Amino acid sequence: MYKSKHILPLVIIGVIVAALTAAQALLIDWLPPATSEQAGRTFTLLWFLFWASAIFFVIVTSVIIYSVWKFRAPKGDLGDGPPIHGNTKLEVVWTTVPSIILVVVAIYGYIVLERNEAVAANAMTVDVYAQQFAWSYGYPDAGIQTGVLVVPQGRQVELHVRARDVIHDFWVPQFGIKGDAVPGIDHVLWINPTTLGTYPVVCAELCGVGHSVMRSKVEVVTPAAFEAWLAKGKAAVADGTAQADAAATAANAPGDAVAGKTIFEAKCGGCHAGLGTEAGGVGPQLKGRPLTLESVKTQITNGKGMMPGGIVSGTDMADVAAYVMSIN
Ligand code: CUA
């Protein structure tokens, strides 16, 4: 029989440690809302792991705190402690219990992975391209390219993540998925979006000076809205030549520097900080450079160095070019 005088103080310490641990878990928003089937499963697994760990953390920490206080050496006692040999019963328990937990976690984790990567018959393919420092998306069935990832609610999307230069990492926190974009490798990820909304796409792998601004958006829309969006994209491609001509005409029209400032801040400000009047760490300072309206438009169209081409086009490009010339 263990000495019962230890029970009460141990329980009191245990309650305090448990309350502090639970407060950490419950008072902080650790995870974003789950907006895909995958995120729901992954986040539940994560909380299972957390609470399983928390139980043992509370037990072990409480016993340590109590023992350090209760069995400390009396003042002036420099002798050794009493010689104790192992306790077989305890050793069997602390080997068996973690083994069982490990097996349970392995099986649970396997089930989650298996379900998260189960390919649906009607899965839709989308190509994801990463490059310093922008994301772009291709819809091979529709033959269109976009700067925003648009996906339908309730249908599985198979993402083929690829890199055009260095290693990046495609991450949508709300979807609970993350996958490296590695040059030469087609990394496949699956999502089943459940909740309508707009969520951030984040680069989660240090990929150069513009890493922190390498962000994009994913929009989850209703299946009907998605079909309409696809049809519009296809029509624009079919109408490509006419569109390109119209865009070229618009780009050559005199731009509006005031409108250009707003567009510049949204599209270019991430790299050319300080509205182009100072170096942003990524893109150079634009003020006082030997630029002409033509050279600005050429650089916007073709890109230069780390700057991807085609960030703005048509009227927007004419406005941005006018703005750049106004500060230059
Ligand atoms: Cu791309 Cu970090």
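**Is aspartate 127 buried or exposed?** Let us work that out, and then look at its partners.

This is a predicted model, in which local features need pLDDT of at least 70, side-chain atom pairs count only at pLDDT 80 or more, and totals for chains, interfaces and linings use all residues. Residues are numbered from 1 along each chain as its sequence is written, and side-chain values use heavy atoms, with hydrogens and water left out.

**Exercise 1. Place aspartate 127 and follow its salt bridge.**

Step 1. Start with the cut-offs: buried means under 20% relative accessible area, exposed means over 50%, and partly exposed lies in between (1.4 Å probe, protein chains only). Aspartate 127 has a relative accessible area of 11%, so it is buried.

Step 2. Now find the partner. A salt bridge (a side-chain nitrogen of Lys or Arg within 4 Å of a carboxyl oxygen of Asp or Glu) joins arginine 162 and aspartate 127, at 3.0 Å from N to O. The pair connects distant parts of the chain, with arginine 162 in strand E5 (residues 157-163) and aspartate 127 in strand E1 (residues 124-131), 35 residues apart. Here strands (E, at least two residues) and helices (H or I, at least four) are DSSP runs, numbered from the N terminus.

Step 3. Check arginine 162 too: its relative accessible area is 26%, so it is partly exposed.

**Exercise 2. Which residues are linked with Arg162 in a network of salt bridges?**

Step 1. Arginine 162 also forms a salt bridge with aspartate 186, where the closest N and O atoms are 3.5 Å apart. Aspartate 186 sits in the loop between strand E7 (177-181) and strand E8 (187-191), so this pair ties together parts 24 residues apart in sequence.

Step 2. Put the pairs together: Asp127, Arg162 and Asp186 form a linked network. Aspartate 186 is partly exposed, at 37% relative accessibility.

**Exercise 3. Find how glutamate 37 and arginine 41 are placed in helix H2.**

Step 1. The structure holds 3 salt bridges, and one of them joins the side chains of glutamate 37 and arginine 41 (3.4 Å, N to O).

Step 2. The two residues are 4 residues apart in helix H2, so about one helical turn separates them. An α-helix has 3.6 residues a turn, so residues three or four places apart point the same way.

Step 3. Glutamate 37 is partly exposed at 37%, and arginine 41 is partly exposed at 23%.

**Exercise 4. Compare the expected and the actual span of helix H8.**

Step 1. The expected span is 1.5 Å times one less than the number of residues. For the 14 residues of H8 (residues 314-327), that gives 20 Å.

Step 2. The end C-alpha atoms are 21 Å apart, which agrees.

Step 3. Next, look at burial. In H8, 10 of the 14 residues are buried, so the helix is largely enclosed by the rest of the structure. Among the buried ones are Met317, Asp319, Tyr323 and Ile327.

**Exercise 5. Describe the surroundings of histidine 211.**

Step 1. Histidine 211 lies in the loop between strand E9 (197-203) and strand E10 (215-221). At 18% relative accessibility, histidine 211 counts as buried.

Step 2. The side chain of histidine 211 reaches the backbone oxygen of glutamate 205 at 3.0 Å.

Step 3. Leaving aside neighbours within four places in sequence, histidine 211 is in contact (heavy atoms within 4.5 Å) with Phe133, Cys203, Ala204, Glu205 and Leu206.

Notes:
A polar contact is a pair of N or O atoms within 3.5 Å; within protein, one must be able to donate a hydrogen and the other to accept it, and residues adjacent in sequence count only if both atoms are side-chain atoms.
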